[in-house]
Amino acid sequence: MLKITYHSKFHNLYLASFFLALGFFYFFRYVTVYAERQFDFTTSKLGYLLAYNSIAFAVALILFVPLLEKRFSSQKNTALCSALLAVALIVFLIPQAPMYMVWTLPFVGFFLALTITFGAVMISTAVDEKHQGQAMGLLVSIQVSAEVITSASGGFLAAYLPALPLIAGALMCLICASI
């Protein structure tokens, strides 16, 4: 049996994956809270917001994942895209009117798609085929842990200031990029 959790190479990869998961779960869980509290979005407007974000998500997956995976390693792609996701999350918070989110939200969706994809590929390619199940199972466990943490902490952050979970997400992505 492969001791993934005790090997230093895997330790850093899983640590980066944990912070990445914190970053994207803070976004997914609290972007709707932010839009509703900051701009009085209705349920239908929140639905449009999420659908609009998914367009950039799809474009990144279809057009840019194949291009980037040929040029750089999954670790480099994860680090670069995590740093750019952090910037995109902060830029997303700049507009003071909801109509400007049309320009900032696609960058978040774009880099979310890339970081989530390359983060998983980073783990998958670090182990041989025989240990894929164990490696990906541990990754899912780490992501679930991050989801629990963002659920528990993000509510308190959003109650204080609706943008705080997104700022926390940006910080988590920067930490991921630095590992």
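# A tour of the predicted model

Start by selecting Leu63, which sits in helix α2. The model is a predicted one. Leu63 has a relative accessibility of 55%, so this residue counts as exposed, the cut-off being over 50%.

Keep Leu63 selected and add Tyr52, Ile55, Val59, Leu61, Ile62, Met99, Tyr100, Val102 and Trp103; together these residues make a nonpolar surface patch of about 1000 Å². Colour the patch by helix. Both α2 (43–71) and α4 (101–124) supply at least two of its residues. Which helix gives the most to the patch? That is α2, with six residues.

**The loop before α2**

Next, go to Phe41, in the loop between α1 and α2. Is Phe41 buried or exposed? Its relative accessible area is 12%, so Phe41 is buried, the limit being under 20%. Show what surrounds the side chain. Setting aside neighbours within four places in sequence, Phe41 is in contact with Ala35, Glu36, Leu46, Leu49, Pro98 and Met101. Pro98 is worth a distance label: its C-alpha atom is 8.8 Å from that of Phe41, while the two residues are 57 apart along the chain.

**Aromatic rings**

Phe41 also belongs to a cluster. Select Phe24, Phe25, Phe27, Phe28, Tyr34, Phe39 and Phe92 along with Phe41: ring pairs link these residues together. Over the whole structure, a search finds ten aromatic pairs. One of them is Phe18 with Phe19, an edge-to-face pair with 5.6 Å between centres and 70 degrees between planes. Phe19 is buried, at 18% relative accessible area.

Now return to the cluster and isolate Phe27 and Phe92. What is the geometry of the pair they form? The arrangement is edge-to-face, with the centres 6.3 Å apart and the planes at 75 degrees. This pair links distant parts of the chain, since Phe27 lies in helix α1 (residues 8–39) and Phe92 in helix α3 (residues 74–92), 65 residues apart. Turn on the surface and both rings should be hard to find: Phe27 is buried, with a relative accessible area of 1%, and Phe92 is buried too, at 0%.

**A threonine in α3**

Stay in helix α3 and select Thr78. Thr78 is buried, with a relative accessible area of 2%. What does its side chain reach in the backbone? A polar atom of the Thr78 side chain lies 3.0 Å from the backbone oxygen of Phe118. The side chain also reaches the backbone nitrogen of Gly119, at 3.4 Å. Widen the selection to the residues in contact with Thr78, leaving out neighbours within four places in sequence: Leu20, Thr115, Phe118, Gly119, Met122 and Cys176.

**The salt bridge**

For the last stop, look for charged partners. How many salt bridges does a search of the whole structure find? The search finds one. Select Glu147 and Arg29, whose side chains meet in it at 2.8 Å, N to O. Glu147 is in helix α5 (residues 132–160) and Arg29 is in helix α1, so the bridge ties together parts 118 residues apart in sequence. Glu147 is partly exposed, with a relative accessible area of 27%. Arg29 is partly exposed as well, at 34%.

Methods:
Residues are numbered from 1 along each chain as its sequence is written. This is a predicted model: local features need pLDDT of at least 70, side-chain atom pairs count only at pLDDT 80 or more; totals for chains, interfaces and linings use all residues. Side-chain values use heavy atoms; hydrogens and water are left out. Rings of Phe, Tyr and Trp (its six-membered ring) pair if their centres lie within 6.5 Å; planes under 30 degrees apart count as stacked, over 60 as edge-to-face and the rest as tilted. Buried means under 20% relative accessible area, exposed over 50%, partly exposed in between (1.4 Å probe, protein chains only). Helices (H or I, at least four residues) and strands (E, at least two) are DSSP runs, numbered from the N terminus. Patches are made of residues with over 30% relative accessible area and no salt bridge: like charges are joined within 9 Å, nonpolar side chains (Val, Leu, Ile, Met, Phe, Trp, Tyr) within 5 Å. Accessible areas come from the Shrake-Rupley method with a 1.4 Å probe; for residues, only the protein chains shown count as cover. A salt bridge is a side-chain nitrogen of Lys or Arg within 4 Å of a carboxyl oxygen of Asp or Glu. Contact means heavy atoms within 4.5 Å. A polar contact is a pair of N or O atoms within 3.5 Å; within protein, one must be able to donate a hydrogen and the other to accept it, and residues adjacent in sequence count only if both atoms are side-chain atoms.
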